[in-house]
Amino acid sequence: MSSHTVEPSLPPTSGNLESPVLGPQLERAALPHTSRFPRRLAELVDTHALTLLRATVGIVFVGFGVLKLFPSASPAEQLAVDAATKMTLGLVPETVLLISLAALETAIGIGLIAGRRLLRPALVAFFLHMGGVFSTLFLLPDAMWQPHSPAPTMEGQYVVKNVVLVAVCLVVAAREWSHGGGRRSRGR
């Protein structure tokens, strides 16, 4: 059984990991290994949060974009073609629409992953693309909403869940545009 004795001249620590008396290194060293791991992981994630957000959304876009290059591989293929056909008034062949969507989504994903000079154009393309994605809720109401109910269908849920991607890219864009892209030296 071990005991912890506090020096009379030092006030006891309250569990604050950055105690002004002991300093952050000494206080962390006093914690058991299992208590340090979550904090170190949190610090690592915090340091690289924007890169993590960009990369994960980029991977999703590359993945879904590439799927559209293979016939019937994407579960959203027909939905995307139907919506794009309505937006282009049926003037563009379906094959061209699908290849264009695949290229656009893949390019957005690569831009988000790569960052640097590709990030701003990728973000602009992302938000324009999301405008088209969300327009399907109005262009294809029979496919998006359950009859006699305000609940979305499975396809509608597929579209609505993109609000998460929009939120992520709003955070990334806010940082990028508010800092003028000046953080380029940190591995972006």
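Colleague: Let's start with one side chain: is Glu176 buried or exposed?
Modeller: Happy to begin there, and please keep in mind that this is a predicted model. Residues under 20% relative accessible area count as buried. Glu176 has a relative accessibility of 0%, so Glu176 is buried.

Colleague: Which residue does Glu176 meet in a salt bridge?
Modeller: The N to O distance in this salt bridge of Glu176 is 3.0 Å. The pair links distant parts of the chain, 56 residues apart, with Glu176 in helix H9 and its partner in helix H6. That partner is partly exposed at 28% relative accessibility. The residue is Arg120.

Colleague: How many salt bridges does the structure hold?
Modeller: Glu176 and Arg120 form one of them. Another joins Arg39 and Glu43, with closest N and O atoms 3.3 Å apart, and both of these residues lie in helix H2, about one turn of the helix apart. Lys68 and Glu105 also form a salt bridge, at 2.9 Å. The total is three.

Colleague: How many residues apart in sequence are the parts that Lys68 and Glu105 tie together?
Modeller: Both members of this pair, Lys68 and Glu105, are buried, and their closest N and O atoms are 2.9 Å apart. Lys68 lies in the loop between H3 and H4 while Glu105 is in helix H5, so the salt bridge ties together parts whose separation in sequence is 37 residues.

Colleague: What span should helix H3 have, at 1.5 Å a residue?
Modeller: Helix H3 runs over residues 49-67, which makes 19 residues. The expected span is 1.5 Å times one less than the number of residues. The end C-alpha atoms of H3 lie at a distance that agrees with the expected span, and both values are 27 Å.

Colleague: Within what arc do the buried residues of H3 fall?
Modeller: The buried residues of H3 are Arg54, Val57, Gly58, Phe61 and Gly65. Looking down the axis of H3, you would see that these buried residues line one face of the helix, because they fall within an arc of 105°.

Colleague: Which helices are included in what covers the buried residues of H3?
Modeller: Turn to H5 for a clue: its buried residues pack against H3, among other helices. H5 covers residues 94-114 and is one of the helices over the buried residues of H3. The cover includes helix H5, helix H6 and helix H9.

Colleague: What separates the C-alpha atoms of Thr56 and Leu112?
Modeller: Thr56 is in helix H3 and is partly exposed at 39% relative accessibility. Leu112 is one of the buried residues of H5. Along the chain Thr56 and Leu112 are 56 residues apart, and their C-alpha atoms are separated by 8.7 Å.

Colleague: Which helix gives the most to the nonpolar patch?
Modeller: This surface patch of about 460 Å² is made by Phe37, Leu41, Leu44, Val45 and Leu52. Val45, for example, is partly exposed with a relative accessible area of 39%. The helix giving the most contributes four residues, and it is helix H2.

Colleague: Stepping back, how many helices does the chain have?
Modeller: Read along the sequence, the pattern is α-α-α-α-α-α-α-α-α. There are zero strands in the secondary structure. The helices come to nine.

Colleague: And what share of the residues of the chain counts as buried?
Modeller: A residue needs to be under 20% relative accessible area to count as buried. Of the 188 residues of the chain, the buried share is 30%.

How values were computed
Residues numbered from 1 in each chain as written. Predicted model: local features only at pLDDT ≥ 70, side-chain atom pairs only at ≥ 80, totals over all residues. Heavy atoms only, no water. Helix = DSSP H or I, 4+ residues; strand = E, 2+ residues; numbered from the N terminus. Buried < 20%, exposed > 50% of the residue type's maximum accessible area, 1.4 Å probe, protein only. Arc of directions from axis to C-beta. Contact = heavy atoms within 4.5 Å. Patch = residues over 30% accessible without salt bridge, like charges linked within 9 Å, V, L, I, M, F, W, Y side chains within 5 Å. Areas by Shrake-Rupley, 256 points an atom, 1.4 Å probe, with all protein chains shown as cover. Salt bridge = Lys/Arg side-chain N within 4 Å of Asp/Glu carboxyl O.
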